[in-house]
Amino acid sequence: MNMSFKRIFIIVMDSVGIGEAPDAADFGDLGADTLGHIAEHMQGLKMPNMAKLGLSNIREIKGVPKADKPAAFYTKMQEASNGKDTMTGHWEIMGLHIEQPFRTFPDGFPNELLQELEEKTGRKIIGNKPASGTEIIKELGKEHMESGALIVYTSADSVLQIAAHEEIIPIEEQYRICEIARELTLDEKYMVGRVIARPFVGEPGAFERTSNRHDYALKPFGRTTMNELKDAGLDVIAIGKISDIYDGEGVTKSIRTKDNDDGMVQIVQTTKDDFQGISFLNLVDFDAKYGHRRDPQGYGEALETYDTQLPELLENLNEEDLLIITADHGNDPVHHGTDHTREYVPLLVYSKAFESGKELPIRQTFADIAATVAENFNIQAPEHGKSFLKELK
């Protein structure tokens, strides 16, 4: 039988890799294994619901039993694009292939970029290093208040962040400064994924970041399957940072989330909506709170919590729904450094309409998800990717 589904729910467990990719050495990531190393650290992960779907059937994960009859179709996917960041992974999931990787700046930004930014904004720059946002305003906030200089910093991701006090630099000017920085970093020699305004208030020793954060992302470098869905009058519900990652392209409704738990609440909420198209969630905490901070204990606990939230989602799905669970890259918390790791990602595909799941061939690109979504909704197929829709039987 050839099925098509009315609604497809996609969960990206941000950074939940399942072992080094064949080209891991090219990225300095030999031996990276996000799920494997976390499971070892936890002396076994308790994820009974992901176990039933077939997580350990992809590859054995300590503490997660293999399912005799996995409820989901299962395999792993290899990234085809040249990169291991959030935007590259997500853009590939929706059908793109990124040749030139976004740059990260472990030693700060080049002088020539900062000089241009100083000239165009009329303000000096301090900082210019990878840092935690709360730490750098603690360190440089007083100097910034006295001098009016911009605090510029980065992270393990491809981001240029600008922190400024709202009473020293009014929020409109902060946004204008970030727009200038966005313009300058569009140059191919910089390839910065996002510029982020990071406003704060308060006094030295008691600074607080405000909710006026604003992200200036890049548009995807081509049309994605989300654009095709939207243009065909179908729904694209973006939950968490999905809308930011695609700079709003192809999104029909955007739902902000506070954290992973809120993300799971929101995706369950969308099962109660009568829509046709996709509901697309990113669970960012695995990456931001635990992977980059190299915290295998926190990461493991977050995975176990997520597992306890899955049943409510599964119960709320109906026979016309398809659920796809995957990731966008790895971020092994016991690996060296603090950045992402080049790994395979899990792929679990579930519907109540399936009698049981089985193994799918290893996917050569994340774009197979886009191709499957496109075939299901009978819209223009992406240039990259091979649909697995007909294999779900």
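A cavity is a set of grid points where a 1.4 Å probe fits but cannot get out. Keep that in mind as you work through this predicted model.

**Exercise 1. Find how many cavities of 30 Å³ or more the structure holds, and describe the largest cavity.**

Step 1. Start with the count: two cavities reach 30 Å³ or more.

Step 2. Next comes volume, and the largest cavity has about 80 Å³ of space.

Step 3. Now walk around its wall. Asp-85, Thr-86, Met-87, Phe-102, Asp-157, Ser-158, Val-159, Gly-193 and Arg-194 line the largest cavity.

Step 4. Sort that lining by class, and you get three nonpolar, three polar and three charged residues.

Step 5. Finally, look at where the lining comes from: domain 1 (7-98 + 221-391) and domain 2 (111-217) each supply at least three residues.

**Exercise 2. Work out which elements give two or more residues to the lining of the second largest cavity.**

Step 1. The second largest cavity offers about 50 Å³ of space.

Step 2. Its lining is made up of Thr-86, Met-87, Arg-194, Lys-241, Asp-244 and Ile-245.

Step 3. Matching these to secondary structure, the elements that contribute two or more residues are α4 and α9 (242-245).

Step 4. By class, this lining has two nonpolar residues, one polar and three charged.

**Exercise 3. Decide whether helix α4 is largely enclosed or open, and look at what lies at its start and just after it.**

Step 1. Use the cut-off: a residue is buried when its relative accessible area is under 20%.

Step 2. Helix α4 spans residues 86-93, and eight of its eight residues are buried, so the helix is largely enclosed by the rest of the structure. Among the buried residues are His-90, Trp-91 and Glu-92.

Step 3. At the start of α4, Asp-85 places a side-chain oxygen within 3.1 Å of the backbone nitrogen of Met-87.

Step 4. After α4 comes Gly-95, with a positive phi near 110 degrees.

**Exercise 4. Classify Arg-7 and Gln-174 as buried or exposed, and describe the surroundings of each.**

Step 1. Arg-7 sits in strand β1 (residues 7-13). Its relative accessible area is 5%, so Arg-7 is buried.

Step 2. Check what the side chain of Arg-7 meets. One of its polar atoms lies 2.8 Å from the backbone oxygen of Thr-271, and the backbone oxygen of Asp-273 lies 2.7 Å from a polar atom of this side chain.

Step 3. Gln-174 belongs to helix α7 (residues 171-184). With 3% relative accessibility, Gln-174 also counts as buried.

Step 4. Although Gln-174 and Ala-163 are 11 residues apart in sequence, their C-alpha atoms are 8.5 Å apart in space.

**Exercise 5. Explain where the largest pocket lies relative to domain 1 and domain 2.**

Step 1. The volume of the largest pocket is about 1400 Å³.

Step 2. Of the 40 residues in its lining, Arg-198, Arg-209, Arg-213, Val-284 and Ala-288 lie nearest the centre of the pocket.

Step 3. Several elements give two or more residues to this lining, including α6 (133-147), β6 (194-203) and α11 (285-291).

Step 4. By class, the pocket lining has 10 nonpolar, 14 polar and 16 charged residues.

Step 5. Domain 1 (7-98 + 221-391) and domain 2 (111-217) both give residues to this lining, so the largest pocket lies between them.

Definitions and conventions. Residues are numbered from 1 along each chain as its sequence is written. This is a predicted model: local features need pLDDT of at least 70, side-chain atom pairs count only at pLDDT 80 or more; totals for chains, interfaces and linings use all residues. Side-chain values use heavy atoms; hydrogens and water are left out. Buried means under 20% relative accessible area, exposed over 50%, partly exposed in between (1.4 Å probe, protein chains only). Helices (H or I, at least four residues) and strands (E, at least two) are DSSP runs, numbered from the N terminus. A polar contact is a pair of N or O atoms within 3.5 Å; within protein, one must be able to donate a hydrogen and the other to accept it, and residues adjacent in sequence count only if both atoms are side-chain atoms. On a 1 Å grid over the protein atoms alone, a cavity is a set of points where a 1.4 Å probe fits but cannot get out, and a pocket is an open set with protein on both sides within 12 Å along at least five of seven lines; lining residues have an atom within 4 Å of a point. Grid points are joined across faces, edges and corners, and a volume is the space filled by probe spheres set on the points. Ala, Val, Leu, Ile, Met, Phe, Trp, Tyr, Cys and Pro count as nonpolar, Asp, Glu, Lys and Arg as charged, and the others, Gly among them, as polar. Domain bounds come from an automatic or database domain assignment.
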